[in-house]
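User: Please take a close look at one part of this model for me: the charged side chains. Which of them pair up, and what surrounds them?

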Amino acid sequence: MTDRFAAPPDSPPRSPLVRECTGCGACCAAPDIHALNKPLGVPCAHLQPDCRCGIYAARPAVCRHYQPDWVCGEVAPLPTLDARIRRFLEIYGLEAETPG
């Protein structure tokens, strides 16, 4: 089994301390979530100001099954949700694909 918290071989090592959800909101804001009609780089309509899910008990399967990984350790320490979104998109080379 691979360690999903280990950074890819071409990336600098990440903190071994971030191994679970930090509640940073990046996974609810950066990726597109088709089940919720949520576009890439736009916070989910259900993401509350405290970065918690407003429909947590009824969230779709894609959200329910999301598991934190090394990217969480990269973006969670950033000070704002916007900064986390930008870094998430940079990691995956998606910054040019965002609306606006």
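Analyst: Start with a definition. A salt bridge is a side-chain nitrogen of Lys or Arg within 4 Å of a carboxyl oxygen of Asp or Glu. The idea behind the rule is simple: side chains of opposite charge can pair when their charged atoms come close. Keep in mind that this is a predicted model.

First, the setting. The protein has three helices and zero strands. Along the sequence, the pattern reads α-α-α. The protein has 100 residues, and 33% of them count as buried. Take the contacts with a separation of 6 or more: 49% of these link residues 24 or more positions apart.

Now the pairs. How many salt bridges does the rule give? The count comes to three.

One of them joins Arg52 and Asp50, with N and O 4.0 Å apart. The rule asks for a distance within 4 Å, so this pair counts at 4.0 Å. Are its two partners buried or exposed? Arg52 is exposed, with a relative accessible area of 58%. Asp50 is partly exposed, at 47%.

Move on to Arg87. This residue forms a salt bridge with Glu74, and the closest N and O atoms are 2.8 Å apart. What does that pair tie together? Arg87 lies in helix α3, residues 81-91, and Glu74 lies in helix α2, residues 70-75. The pair therefore ties together parts that are 13 residues apart in sequence. Look at the surroundings of each partner. Arg87 is partly exposed, at 24% relative accessible area. Glu74 is buried, at 19%. The cut-off for buried is under 20%, so Glu74 falls on the buried side with its 19%.

Arg87 has another partner. The side chains of Glu90 and Arg87 meet in a salt bridge, at 3.3 Å from N to O. Both residues sit in helix α3, three residues apart, which is about one turn of the helix. Glu90 is partly exposed, with 40% relative accessibility. Put the shared partners together: Glu74, Arg87 and Glu90 join into one network of salt bridges.

Stay with helix α3 for a moment. Its buried residues are Leu81, Ala83, Arg84, Ile85, Phe88, Leu89 and Ile91. These buried residues pack against α2. The salt bridge between Arg87 and Glu74 also links α3 and α2. Arg86 lies in α3 too. Arg86 is partly exposed, at 49% relative accessible area. Its C-alpha atom is 7.8 Å from that of Ala30, although the two residues are 56 apart along the chain. Just after α3, Gly93 takes a positive phi of about 65 degrees.

There is also a ring contact to note. A search of the whole structure finds one aromatic pair. Phe88 and Tyr92 form this pair, and it is tilted: 5.1 Å centre to centre, with 50 degrees between the planes. Phe88 is buried, at 9% relative accessible area. Tyr92 is partly exposed, at 42%.

Finally, a charged residue without a partner. Where does Arg59 lie? Arg59 is in the segment before α1, the helix of residues 61-64. Arg59 is buried yet has no salt bridge. Why not? The nearest side chain of opposite charge, Asp50, is 14 Å away, and a salt bridge needs a distance within 4 Å, so Asp50 is out of reach by this rule.

What does Arg59 do instead of pairing with a negative side chain? Its side chain reaches the backbone oxygen of Tyr56, at 2.6 Å. The ring of Tyr56 is involved as well: the charged end of Arg59 sits over this ring, 3.8 Å from its centre. Leaving out residues up to four places away in sequence, Arg59 touches Cys53 and Arg64.

So here is the charged part in brief. Arg52 pairs with Asp50. Glu74, Arg87 and Glu90 form one network. Arg59 stays buried without a salt bridge, with its charged end over the ring of Tyr56.

Technical notes. Residues are numbered from 1 along each chain as its sequence is written. This is a predicted model: local features need pLDDT of at least 70, side-chain atom pairs count only at pLDDT 80 or more; totals for chains, interfaces and linings use all residues. Side-chain values use heavy atoms; hydrogens and water are left out. Helices (H or I, at least four residues) and strands (E, at least two) are DSSP runs, numbered from the N terminus. Buried means under 20% relative accessible area, exposed over 50%, partly exposed in between (1.4 Å probe, protein chains only). Lys and Arg count as positive and Asp and Glu as negative; His and the chain ends are not counted. A polar contact is a pair of N or O atoms within 3.5 Å; within protein, one must be able to donate a hydrogen and the other to accept it, and residues adjacent in sequence count only if both atoms are side-chain atoms. Contact means heavy atoms within 4.5 Å. Rings of Phe, Tyr and Trp (its six-membered ring) pair if their centres lie within 6.5 Å; planes under 30 degrees apart count as stacked, over 60 as edge-to-face and the rest as tilted. A charge sits over a ring if NZ of Lys or CZ of Arg is within 6 Å of the ring centre and within 35 degrees of the ring normal.
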